[in-house]
Amino acid sequence: MFATYDEAMQSLEQVDIVDICLPTYLHKTYVMKAADDGKHVICEKPIARHLDDAKEMIEYCKARNVRLFIGQVLRFFPEYREAKRQLDQGAIGTPAIVRTTRASAFPQASNHWYADFEKSGGVILDMIVHDFDFLRWCFGEVERVYAKGMLGRGFYALDYALVTLRFASGVIAHVEGSWAHDSFRMKFEIAGKTGILDYDSARDQPLVAVSRGPKSEFGGVAVPESPLKRNPYFVELQHFLSCIEQNAEPLVTAGDAYEALRIALAAIDSIRTGQPVTLR
Amino acid sequence: MKVGIISFAHMHAYSYAHALKRIAGVELAGIADDNEERGRKYADVFGTVYVGNYEELLKLDIDAVVVTSENAKHREHVVAAAKAGKHVLCEKPLATTVKDGQEMIDACRENGVLLQTAFPVRFHPAVIRAKQLIGEGKIGRVLAIKGTNHGQNPGGWFVDPALSGGGAVFDHTVHVVDLMRWFMSSEVKEVYAEADNLISDTPIDDCGILSLEFENGVFATLDCSWSRNKTFPTWGDVTMEIVGTAGTISLDAFNQKINLYSDEKGHKYQYWGDDMDEGLVADFIGSVRSGKKEAFITGEDGLRAVEVALAAYQAAEQHAPVMIRS
């Protein structure tokens with residue numbers, strides 16, 4: 001373990017890839033540092049806090065001939081992949097109206113950086129940027145964004161946002177993001193002309209463990225798991241590595257991450273102005 | 001007490017008639033319907049008389065009427081009933097225009113009869129409990145509500161705007177908007193909506209997401225889509241996710257069910273919860289009997305919800321939020 005990036009770089013014999021899991025507002029600095037060192041970069045989502053930063057990061061890596069991958073990991077979650085596969089097979093006909101949920105308790109982290117909107121972008125940029133990427137993967141480009149959220153309504157130790165997306169294809173999507181609930185949950189429902197797909201992580205659980213005893217540690221708390229031979233984060237990293245080795249296009253590009261960020265920032269803009277934001 | 005029903009165009013007439021039959025001392029005195037075949041059929045089913053048109057029904061010695069005609073005919077039927085001195089329980093949405101709704105309210109007031117809007121969900125025990133929990137401060141101050149009222153496309157006159165006033169947005173906005181208003185005693189200030197015809201081949205709005213801003217600073221969304229297909233295990237839902245400063249409430253009113261897996265019918269939810277239509281009708285009859293000056297759910301309650309649905313259409317058209325009141 002090293003205290004700093006520089007210490008690691010000086011001490012290690014060979015580094016091919018740098019995986020950046022820093023808070024959002026630090027992504028740009030360290031992506032550019034790694035690119036300067038000629039390392040390929042895998043960076044946590046969202047790509048950046050601001051659009052111009054994201055653009056600069058993409059161009060910077062390109063100019064230095066290093067690959068840049070953004071961990072929009074939802075595309076590697078089997079439940080979401082299966083939904084996409086069903087859609088592509090026409091299982092529900094032309095998609096029409098979609099609902100997604102991503103909810104958890106308010107995240108705790110060093111220096112409470114999540115609670116600083118200027119650093120994290122709140123629940124919209126940190127949580128439902130996942131759903132924006134997934135929805136764009138499934139339904140194409142977003143035409144219009146309208147959103148309501150806690151931003152500007154006074155400070156509570158929670159965040160909550162309800163976003164409506166209108167796609168160029170006509171699809172309407174409602175995206176719920178919450179840091180106001182007590183446990184993690186994700187859901188989707190996709191209604192099409194001839195069928196419906198739905199998933200709810202709180203309902204569709206293969207394993208729940210509960211320890212009896214006092215409510216400390218894990219005692220008295222149900223711990224749900226959805227074990228897989230290879231978890232989605234592993235699959236994602238493996239995919240990015242093979243893209244580097246084979247010089248192939250990834251399932252989700254930095255450009256896709258840029259577009260997901262654009263949707264998220266449009267939602268934040270819409271909350272601030274009270275008006276819909278047109279993206280195209 | 002004698003009660004008549006004007007039209008079985010809306011399928012809720014069936015359960016309201018059942019509810020009337022179950023109340024001691026209440027007689028279903030007759031059915032009027034501009035569709036004679038339908039009128040005679042239900043007169044038979046409920047052991048009452050088919051009287052022909054509504055003017056004939058209003059000549060009878062009855063105390064009250066249930067108006068379950070097509071939405072666009074509510075005004076004509078309610079105003080006539082009011083002028084004949086009959087108390088009215090009117091199916092939702094109250095009217096297809098604000099002007100019609102106001103005329104109905106005024107006519108009932110001038111003639112000293114009750115006008116109750118049929119929002120039966122207010123009588124669902126889980127809904128009543130949610131209101132109670134909010135009132136007790138269990139989740140602190142309400143900050144936001146995410147609502148749904150999904151359903152199947154009912155077809156028939158519901159998809160003819162001349163008779164219905166609109167599609168899913170008109171049909172399914174009013175219930176949950178009424179619940180939100182009732183829970184918070186606050187009015188909707190501003191409405192935004194995305195709505196379209198995306199599922200059915202009949203050109204009428206069947207998908208919609210409304211975003212609402214309330215006078216008390218609470219924001220909300222409402223999915224009013226007819227997005228339940230025929231293989232979905234149930235007709236639809238009424239749900240509300242209510243986020244407060246100190247907790248959350250997840251309401252899924254009709255999630256009192258057992259699962260049926262049938263080789264003939266497929267997978268179905270079999271509801272075993274209480275019958276809210278019975279509560280609605282019993283409340284209306286109780287108000288008439290006790291000579292109340294105002295119904296529990298007023299014509300104004302019905303009209304406020306209609307205003308929101310009409311504003312949603314305007315917002316969807318303009319791609320801009322619409323102010324209802326400043």
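How many residue pairs are in polar contact across the interface of domain 1 of chain A and domain 2 of chain A? The rule finds four such pairs, with both residues at pLDDT 80 or more. The structure is a predicted model.

**The two domains**

The domain assignment divides chain A into domain 1, residues 5-71, and domain 2, which is made of 73-229 + 253-278. Domain 1 of chain A brings 16 residues to the contact, and domain 2 of chain A brings 18 residues. Between the C-alpha centres of domain 1 of chain A and domain 2 of chain A the distance is 25 Å.

**The interface**

About 1,500 Å² is buried between domain 1 of chain A and domain 2 of chain A, and carbon and sulfur atoms give 68% of this area. On the side of domain 1 of chain A, the residues K45(A), R49(A) and L51(A) supply 40% of the area buried against domain 2 of chain A, more than any other three residues.

K45(A) also takes part in a salt bridge: its side chain meets that of D126(A) at 3.8 Å, N to O. The rule finds one salt bridge across this interface.

**The side of domain 1**

Two elements of chain A, α3 (51-63) and β3 (68-71), each supply at least two residues of the side of domain 1 of chain A that touches domain 2 of chain A. The largest share, four residues, comes from α3(A). By residue class, this side of domain 1 of chain A divides as follows.

| Class | Residues on the side of domain 1 of chain A |
|---|---|
| nonpolar | 10 residues |
| polar | three residues |
| charged | three residues |

Terms used. Residues numbered from 1 in each chain as written. Chains lettered and ligands numbered in written order. Predicted model: local features only at pLDDT ≥ 70, side-chain atom pairs only at ≥ 80, totals over all residues. Heavy atoms only, no water. Domains from an automatic or database assignment. Contact = heavy atoms within 4.5 Å. Buried area = accessible area lost by both parts, 1.4 Å probe. Salt bridge = Lys/Arg side-chain N within 4 Å of Asp/Glu carboxyl O. Polar contact = N/O pair within 3.5 Å; in protein donor to acceptor, adjacent residues only side chain to side chain. Nonpolar A, V, L, I, M, F, W, Y, C, P; charged D, E, K, R; others polar.
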